[in-house]
Amino acid sequence: MPAADAAVYFHSPLSPWASLPPLTLDGAGDPYLPRRPDRASAGGGQLVVAAPAASADGRPAELALVAGMQVADFTFDLLGGRRGDAGGALVVGWQSEASYAFVVVAPGRAVELWSVTSPRAGQSLAAPVAGCAGPPLADATLPDGDLAPLAVAWRAGTLTVSAAGSELLRCRPPALPRGAVGVGALFGTVAFDNLALTR
């Protein structure tokens, strides 16, 4: 007897439940959007983002977004590392240069959530989000010359950041806007691999 309910599977990132396959970063055809193409490149299985100097207000000096998805609740799994003295950022809720959030992942600094907002037209401010700071990041969590697992999840109003299964930060910030997700360099050169974004 026919049922009254039906489910349809769409193999497309446009479906509300679909996820993109992991970015393997084997070449220039991978779906990522760098702020400046000369500061981010994919090849050999890694996305390398380089920032010659830190920005004056603490936001990522360079970044690259995962193309094709605007997400609300999500989990973002990846491998991250650095080349020498460097600090990374995990970008979330990207709507524009004046509206997004990011998680600081820099050895020796607190793992914390920052937001970039625009209080007035033509102005943007970067500031840490109150109550969303964890302990300082261990040097091996963003290893020099290697990669290690990182994850950031925004589910049911809770932000969780973890490394190799160990929780680094858990907080309940104001709602993050639906937006793009990506990676960035606060300063120096950082590298990423196996970027997997799950709704």
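In the hairpin formed by strand 2 and strand 3, two residues lie between the strands, and Gly 44 adopts a positive phi near 60 degrees. Strand 2 covers residues 40-43 and strand 3 covers residues 46-51; the two pair in the antiparallel sense through four bridges. Within this pairing, Ala 40 faces Val 49 of strand 3. The model is a predicted one.

Strand 3 also pairs with strand 12, which spans residues 180-198. Five bridges join these two strands, and their sense is antiparallel. Here Ala 51 stands opposite Gly 188 of strand 12.

The two pairings are set out below.

| Strand pair | Sense | Bridges | Opposed residues |
|---|---|---|---|
| Strand 2 and strand 3 | antiparallel | four | Ala 40 and Val 49 |
| Strand 3 and strand 12 | antiparallel | five | Ala 51 and Gly 188 |

**Overall make-up**

The protein has 12 strands and zero helices, and from the N terminus on every element in the run is β. Of its 199 residues, 48% count as buried. Among contacts with a separation of 6 or more, 65% are between residues 24 or more positions apart. The accessible surface is about 9500 Å², and carbon and sulfur atoms account for 57% of that area.

**Confidence**

Mean pLDDT for the protein is 87, with 85% of the residues at 70 or more. Residues 1-14 stay under 50 in pLDDT. For this N-terminal segment the model has eight contacts beyond four places in sequence.

**Disulfide**

The structure contains one disulfide. Its partners are Cys 132 and Cys 171, with their sulfur atoms 2.1 Å apart. The link is right-handed, at 105 degrees about the S-S bond. Cys 132 belongs to strand 8 (residues 125-136) and Cys 171 to strand 11 (residues 166-171), so that the pair links distant parts of the chain, 39 residues apart. Both Cys 132 and Cys 171 are buried.

**Nonpolar cores**

The largest nonpolar core has 43 residues. Those that touch the most other members are Phe 74, Phe 76, Val 103, Val 152, Leu 159 and Val 183. Strand 12 gives the most to this core, contributing seven residues. A second core, separate from the largest, consists of 14 residues, among them Leu 65, Trp 94, Ala 106 and Val 116.

Phe 76 can be followed further through its contacts outside the neighbours within four places in sequence. These include Val 66, as well as Leu 150, Ala 151 and Val 152. Phe 76 is also in contact with Val 181, Gly 182 and Val 183, and with Leu 195, Ala 196 and Leu 197. Val 152 and Val 183 are thus partners of Phe 76, and they are listed with Phe 76 among the core residues that touch the most other members.

**The loop at Asp 146**

Asp 146 is located in the loop between strand 8 and strand 9, the latter covering 148-155. Apart from neighbours within four places in sequence, Asp 146 is in contact with Gly 80, Gly 81 and Arg 82. Ala 191 lies 45 residues away from Asp 146 along the chain, and the C-alpha atoms of the two are separated by 8.6 Å.

Notes. Residues numbered from 1 in each chain as written. Predicted model: local features only at pLDDT ≥ 70, side-chain atom pairs only at ≥ 80, totals over all residues. Heavy atoms only, no water. Buried < 20%, exposed > 50% of the residue type's maximum accessible area, 1.4 Å probe, protein only. Contact = heavy atoms within 4.5 Å. Areas by Shrake-Rupley, 256 points an atom, 1.4 Å probe, with all protein chains shown as cover. Pairing = 2+ DSSP bridges. Disulfide = S-S within 2.5 Å. pLDDT = per-residue confidence, 0-100. Core = buried A, V, L, I, M, F, W, Y, C linked by side-chain atoms within 4.5 Å.
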